[in-house]
Structure formats: C-alpha cells, structure tokens
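This report describes the strand pairing and the ligand surroundings of one model. Please read it alongside the sequence and the structure.

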Amino acid sequence: MQGVDDAWLPDGVFRQVGTRRTLIRGAGPLVDTVRREVDRACARFGGRVVPHGDSDLVLELTGEDGSEAFTYERRDGRTTVTASGGAGLLHGFFHVVRLGAAAFEGSSERRSHRSELALRMLDHWDNVAVHPVMGQVERGYAGGSLFWEDGRARGDLERVMAYGRLLASCGINAVAVNNVNVHETEARLLTDRIAEVAAIAGALREYGIRTHLSVSFAAPVVLGGLATADPLDEGVRAWWAEVTGRVYAAIPDFGGYVVKADSEEQPGPFAYGRTHADGANMLAAALEPYGGTVHWRAFVYDHRQDWRDRTTDRARAAYDHFVPLDGQFASNAVLQVKHGPMDFQVREPVSPLIGAMPGTRLAVELQATQEYTGQQRHVCWLGPMWSEVLRFRPDGTPVAELANALVAVSNVGDDRFWTGHPLAQANLYTFGRLAWQPDADPLEILDEWIRLTFGPEPAAGVRAVMEGSWRTYEKYTAPLGVGFMVQPGHHYGPSVDGYEYSPWGTYHFADRDGVGVDRSAATGTGYAAQYAKPWAEVYESPETCPDELLLFFHHVPYGHVLHSGKTVIQHIYDTHFEGVEEAEAARRVWASLVDLVDAERHARVAERFEEQLRSAREWRDQINSYFFRKSGVPDARGRRIP
Ligand code: GCU
C-alpha cells in the first residue's frame, strides 16, 4: 500500500511461496483470502496456482468447523498444509510464509499446530472523537486511530484490511475497536452507529479477525433513556437483549463486549448496590444466544485514596474485589486481569488474582502500547517480560495455562510505521506469537521478526539493539520494582515525587533512611499474603524476595544488601549509570547499520534514539540525585551525581 510500511510482511517474505506451483483445495471466504495471497505472491515472483496435478505446495481445507488448527508436513518434495477450518488454513499459510526457504527443503513429519489460547485479542484505546485530554488514542504513541477519522469510521478501509493481514500473520484473532473509557460519542457505536463498526468488522473479517466493542455500563440510561442501569432490573436486561440482537443483525460474528466498570470514573454496578458478577452476567446473558463473550475488566481500585493512609494498598484491590465472586460469573463472562497488580509498570509481580479464581474464566491483559515503558520513543522490546509472566506458576500451573485468553492494549495508530517507533512493531508481533504459543522462546520470536522485517544482513545488529532493551529501560527508570516515579498525567519522563502525595495509590515512601512499600503480612499491607505458596512466603521476607521486586514488597534501608551483594543505594547508582551506557551503546550499533536498513526506517529509529538518550540521562540524573540527597550516601565509585 502506498506510503505505508509493510512491517514484517515485505514482498520478499513471499518469494518462496511466490515461485512455486501451489494447489489450493476447498472453498469459503478465508480460502479466498489465502488464494488472493498466493496469487499476489505468484504475480510478483512468477509462480502459479495450479488447478490439479503436480505441485510444490498443497493448501487444503478439509471441512468447515471453525477450527484454527492446521497440520503441516513435507514429504516427497511436497509441502502440505491441511485444516478443517478456514482460519486454520490461513494460519497454516502464514506458517509456510514465515518458514521461508525452510518450508521447501528436506522433509518433516506431519505435525499438528494449534493455539494454546483460543482468544488472542488487541484492545484499541481509540476514541472516535478526539478527546480534549487524551487525544484520539488514549495512551497512543503512533498517531491517530486506524479505524476512526474525522469523527467517524474511515471510508477507505484498505489500511484496516492491511492491519488485519499483519495481525493474522502473527496469530491474533480478535480486536476491540474502541477505548475502554467510553465517552459520549463512542457510547453510540453500540446503537445508532453500529453500521460503522460493521464496516470495520467487514474489513477485519477478511483475515479471520473478530470485532469486539467497548461499551458503557450506563448505556441503558445514556442511550436508552431508562431511569436506571441496574443489572437486575428487568427493563435494563430487556434493553441489553434487544440492543445486542441488533448488534448481531449487523455483525453476525461479533465477538462481544469489553467493559471497564466502577473504575476511574466509569459507571458500574456498585451504583445500584450490585456486584460485578451481577453486572457481567447481565451482559453475558444478552450475548449468550449469539455465542458472544463479555470481557469484564478487573482493574477496579480506589483512585481517590488518601496518601496519608498507609493501610490502603491499591495493589490489593483487584483480588479483594473479585476473589469473593469466584464461581459466580457466567461461562461466557471472562474476567480480564492486568498482568500485574498496579498498572503496566516496567516491573511488577504477577497479579495474585491470576490463579486465585479457579471457577472463573480468565483473560490476562498486557500492554503493548508503551505507556510506562518509553512511549515508543525508547526502544523497549517487551517479549522477555511477557514471557516471564506467562511462565510464572502462581500455584504450580503456568499463567498461560490458567488463562483462556490473552489480550494486549494495542500500540498501533495511523503512523506510517504503524507503531511510531519502527522497532515497536516487534512488540505487536511478539504478542501475537506468544499468544499462539506462550512457551515459545521470546528470543526466537525476536529473531523471526527481525529476519522477516529486515532480512539477514542487519540481523545481528538489530538483535543487539533490541534483546536487552527492556532490562536497559528498567535500569535507568524506577528501581527494584518500586514503579511509577513518572510525570503525572502523561506518564513520560521522571518525576520521583510526582505521585507521592496524590490520590492515586502509587507511592514509594522514600525518606532519609530508606525506600519501598511494606506489603508484607507481618508489618505491612498484607498484600504478600494474597499469593499462594510458595510465593506468599517468598515475597513476605526481604531475605527471600527477589531483588528486582524488593521495593515493591518491602521498605528497606538504603544500606540493605541485595542478593547481588550490592546495597540498595549502590544498586540504584550503578544501574542508572549502566542503563544510560547501554542505551548509548545501542544507539551506536544502530548508527552502524545505516547501509543495511532502508533509509526511512533507519532515520526514524535514529531520531527516536536521540530522544531516548536525552530522556535516559534525565532519568539517571533525577533518580540518582534524588536518592543521593535523601540518603547522603555517596557513590562508591565517585561518579558525578548532579
Ligand atoms: C491506566 C491508563 C489509563 C487507562 C487505564 C485502564 O490507568 O493510564 O489511560 O484508562 O489504565 O487500563 O483502564
């Protein structure tokens, strides 16, 4: 498409398929999509779609059961993909594309591939109307919305279709098209503006992506003119049932609703003395006849806290609110839980809610948009963090097996490179691939993304720039899991005390003697006891708590010695100097790739590196100065701290 980056699907990636003879068997809309893809590749590289007979590649649909699974095998010089559902054939096709030359060499046994998680969704925090404070995309760092322009759905949906193609090629199968904070204009998407959602859904459907909508819990009042939105009121239930029927009339494969209720000013069931299970189940009942699902977010906490009150702990909130409701949610209600207990910080423990509600379906929510991880001006590849979360075993079973769905807040906008920072595309890709196979090695996914996007020449350099970038970012920002320390409001750049005396519940409690939040059961907020064993015990004591989470769980003196052998204060100084040095080194590596990467992409990343370095130095100097001034402890290595 003119002027838009191909991301990880440049033409060259289709060379292998495009030079072969391909036999496609079966019929249906997604088979048509596959056929179009093969035709396009062949038109470019001279191969052919053959109606029968001799072929190098067979893509065969054997039924139509909606399955996303496929089998892959290579035997007697022929590669064969079979699937019993159109979506499976599409995933199988992209599997062949990703393999490149390897798909047409040697032989490999017939193997079946299926996704671990049935739902792999991106939530767009896009507003239809530009919001006066949050702009068009809340926490968006890649320009305006892909879906909405000039106050309505885009007329030309070519770009949306290209997006669906990118998503399908890495395994994503669902998208929520509007912000979880549902403002006035956006509330209407549910009713009189559903045709616009249907148009977007039509474009995404071409690549097997189902559309979901964020809705306002107060819709019966705001849109329906009812006096109440009480989930147990018969009139309210009838209203939702009717409206949902109309949604399905417009979008027969509609995925369902996403709801942020009783959270940061959004309306919810508390206003009527009802529980969140009551609220979710009412919507689940409306969706049930059509096979839809409600994603009910667990991000419920008191954002009007008194900072003087050290007993209230925001980290506890989701668990305290929801665990008592376990077993009460309908089977098509999914509780959507942020991976950490706070809010997408660069380092948090895994939310104790995950694993604590065995009778409730669970979606784990990650944040691809880099709200707290450099806002797509800093390189920060989140694969290792997400992989740690998915592999964490709250109670023996890994998070990936406890979850029914994996969701990420999207990092995409109408930017030419999709994600603002071209290297942030890797987060989108990694999310999709990890959602498909959560135990995959994130570094292999990174290598795959690099190979597809850049080809072989700059691969080693790009990897060097990216593989450690999350830990580098962690080093120069808030230390040892303490979090926040960001500029209030927009959340970019350092402000150590920015949230310290605020109502948001995000404190570090630094004084002249020490820093950190005591969340132990013995002397603190009791948060550590929300975990099952062994974690409740591991986190309870500063002796056993992992270094990287120490200040999340404990308030310790600056002289406290970490497992690494360093004191907390020296760790702060060292990591902040190192973090900036690592970012400087990454920038040098990037500069050296100038002849190996296309000029525009290279220039865009180079420009972002300038800002990353400026910002990283600011972080280093503010954090180091702050803690030097508080503690009076000099740097053991005598470096300059302003
Ligand atoms: C964060 C973010 C908000 C967002 C909220 C949410 O607090 O800053 O912009 O609305 O998360 O996840 O609902």
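Two strands pair if DSSP finds at least two bridges between them. Helices (H or I, at least four residues) and strands (E, at least two) are DSSP runs, numbered from the N terminus. The model is predicted: local features need pLDDT of at least 70, side-chain atom pairs count only at pLDDT 80 or more, and totals for chains, interfaces and linings use all residues. Residues are numbered from 1 along each chain as its sequence is written, and side-chain values use heavy atoms, with hydrogens and water left out.

**Barrel**

A barrel is closed by 8 strands with parallel pairing, in the order β7-β12-β13-β14-β15-β16-β17-β18. On average, neighbouring strands of this sheet are turned by 25° against each other, direction ignored; the axes are lines fitted to C-alpha atoms, and angles run from 0 to 180 degrees between N-to-C directions.

Strand β17 covers residues 361–367, and 6 of its 7 residues are buried (under 20% relative accessible area, with a 1.4 Å probe and protein chains only). On one side, β17 is joined in parallel by 5 bridges to β16, residues 333–338, where V337 has V364 of β17 as its bridge partner. Another 5 bridges link β17 in parallel to β18, residues 405–409, and Q367 stands opposite V409 of β18.

Elsewhere in the barrel, β12 (residues 174–176) and β13 (residues 210–214) run parallel and share 3 bridges. A176 is partnered there with H212 of β13. N178 follows in the loop between β12 and α5 (184–187). N178 is buried, at a relative accessible area of 1%, and its side chain reaches the backbone nitrogen of S214 at 2.8 Å.

**Ligand**

There are 13 residues around the ligand, of which E138, K260, R297, K338 and E371 come nearest; a residue is near if one of its heavy atoms lies within 4 Å. By class, the shell holds 3 nonpolar, 2 polar and 8 charged residues. Here Asp, Glu, Lys and Arg count as charged, Ala, Val, Leu, Ile, Met, Phe, Trp, Tyr, Cys and Pro as nonpolar, and the others, Gly among them, as polar.

The table lists polar contacts, that is, pairs of N or O atoms within 3.5 Å.

| Side chain | Distance to a ligand oxygen atom |
|---|---|
| R139 | 2.9 Å |
| D343 | 2.8 Å |
| E371 | 2.5 Å |

Taken alone, the ligand exposes 320 Å², and the protein buries 96% of that. These accessible areas come from the Shrake-Rupley method with a 1.4 Å probe.

Technical notes
Buried < 20%, exposed > 50% of the residue type's maximum accessible area, 1.4 Å probe, protein only. Polar contact = N/O pair within 3.5 Å; in protein donor to acceptor, adjacent residues only side chain to side chain.
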